[in-house]
Amino acid sequence: MPETTPFPSRLILAAAAISGVLLALAVHMLGARFGLDLGGLWRSDASNFMSAGAALAWWLIATVGFSGGYFTASLMHSAASGQLPQRMQHFLIAVGVLVLVGAGQAASAPKSTAAGVLGGLAALGLGAVMAFCGAHFALRKA
C-alpha cells in the first residue's frame with residue numbers, strides 16, 4: 001500500500017478559514033431575512049428587541065464561523081490518500097447549499113442601508129477571525 005502524505009498545514013488552514021467565512025456570511029444573510037441583523041446596532045430607531053436580535057446574530061455568526069473552520073480543518077487533516085471521506089463530501093455539499101441559499105436571498109433583498117453594509121462587514125470580519133481560530137485549534141489538536 002503506498003504511503004500517504006498529509007496536506008500542508010497552510011493549505012488546510014486557508015481552506016478551513018474560507019469555508020468558515022462562507023458559512024458565517026451565509027448565516028448572516030439568512031439571519032437578516034429573519035430579523036437577526038447586525039445592522040440593528042447602528043440604527044437610531046432600534047428598539048430593545050433589535051439589540052437582543054443583533055446580539056443573537058453576533059453569537060450565531062461567531063459560532064458558525066468557528067465550528068465551520070474547526071470541522072473543515074479536522075476533516076481535511078484526517079483525509080487519507082487524497083480522497084475526500086464521505087463526511088467531507090456531505091459537509092461541502094451543505095456549505096454549497098447554504099452559500100447558494102444566502103446568495104439568492106441577498107440578491108432578492110431590498111437596497112441595503114449604511115447599517116446593512118456595516119453589518120455585512122462586521123459579519124465578514126467576525127466570521128474570518130472565528131474561522132481562523134477554529135482551524136488553528138483543530139490543527140494544534142491534530
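Student: Why is Tyr-70 called partly exposed?

Tutor: In this predicted model, Tyr-70 has a relative accessible area of 26%. Buried means under 20% and exposed over 50%, so Tyr-70, at 26%, falls in between and is partly exposed.

Student: What makes the pair of Phe-66 and Tyr-70 stacked?

Tutor: The ring centres of Phe-66 and Tyr-70 are 6.4 Å apart, with 15 degrees between the planes. Centres must lie within 6.5 Å for a pair, and planes under 30 degrees apart count as stacked. Both conditions hold, therefore Phe-66 and Tyr-70 form a stacked pair. The two residues lie in helix α2, four residues apart, which is about one turn of the helix.

Student: Why is the pair of Phe-66 and Phe-137 called tilted?

Tutor: Here the centres are 6.0 Å apart and the planes stand at 55 degrees. Stacked needs under 30 degrees and edge-to-face over 60; 55 degrees meets neither, so the pair of Phe-66 and Phe-137 is tilted. This pair links distant parts of the chain, with Phe-66 in helix α2 and Phe-137 in helix α4, 71 residues apart. Phe-66, Tyr-70 and Phe-137 form one aromatic cluster.

Student: How do you know whether Phe-66 and Phe-137 are buried or exposed?

Tutor: Neither word applies. Phe-66 has a relative accessible area of 27%, and Phe-137 has 43%. Both values lie between the cut-offs of 20% and 50%, so Phe-66 and Phe-137 count as partly exposed.

Student: Why does Leu-124 count as partly exposed, and what does Leu-124 form with Val-117, Leu-118 and Leu-121?

Tutor: The relative accessibility of Leu-124 is 38%, which is not under 20% and not over 50%, so Leu-124 is partly exposed. Patch residues need over 30%, and 38% passes that cut-off. Leu-124, in helix α4, forms a nonpolar surface patch with Val-117, Leu-118 and Leu-121, and together they have about 340 Å² of accessible area.

Student: Which residues of the largest nonpolar core touch the most other members?

Tutor: That core has 14 residues, of which Leu-23, Ala-73, Phe-91 and Ala-135 touch the most other members. Two or more residues come from each of α1 (9-33), α2 (48-78), α3 (86-107) and α4 (114-141), and α1 gives the most, with five. Apart from this core lies another, of eight residues, including Leu-38 and Leu-126.

Student: What does Ala-135 touch, beyond residues up to four places away in sequence?

Tutor: Ala-135 touches Leu-13, Ala-16, Gly-69, Tyr-70 and Ala-73.

Technical notes
Residues are numbered from 1 along each chain as its sequence is written. This is a predicted model: local features need pLDDT of at least 70, side-chain atom pairs count only at pLDDT 80 or more; totals for chains, interfaces and linings use all residues. Side-chain values use heavy atoms; hydrogens and water are left out. A nonpolar core is a set of buried Ala, Val, Leu, Ile, Met, Phe, Trp, Tyr and Cys residues joined through side-chain atoms within 4.5 Å. Buried means under 20% relative accessible area, exposed over 50%, partly exposed in between (1.4 Å probe, protein chains only). Contact means heavy atoms within 4.5 Å. Patches are made of residues with over 30% relative accessible area and no salt bridge: like charges are joined within 9 Å, nonpolar side chains (Val, Leu, Ile, Met, Phe, Trp, Tyr) within 5 Å. Accessible areas come from the Shrake-Rupley method with a 1.4 Å probe; for residues, only the protein chains shown count as cover. A salt bridge is a side-chain nitrogen of Lys or Arg within 4 Å of a carboxyl oxygen of Asp or Glu.
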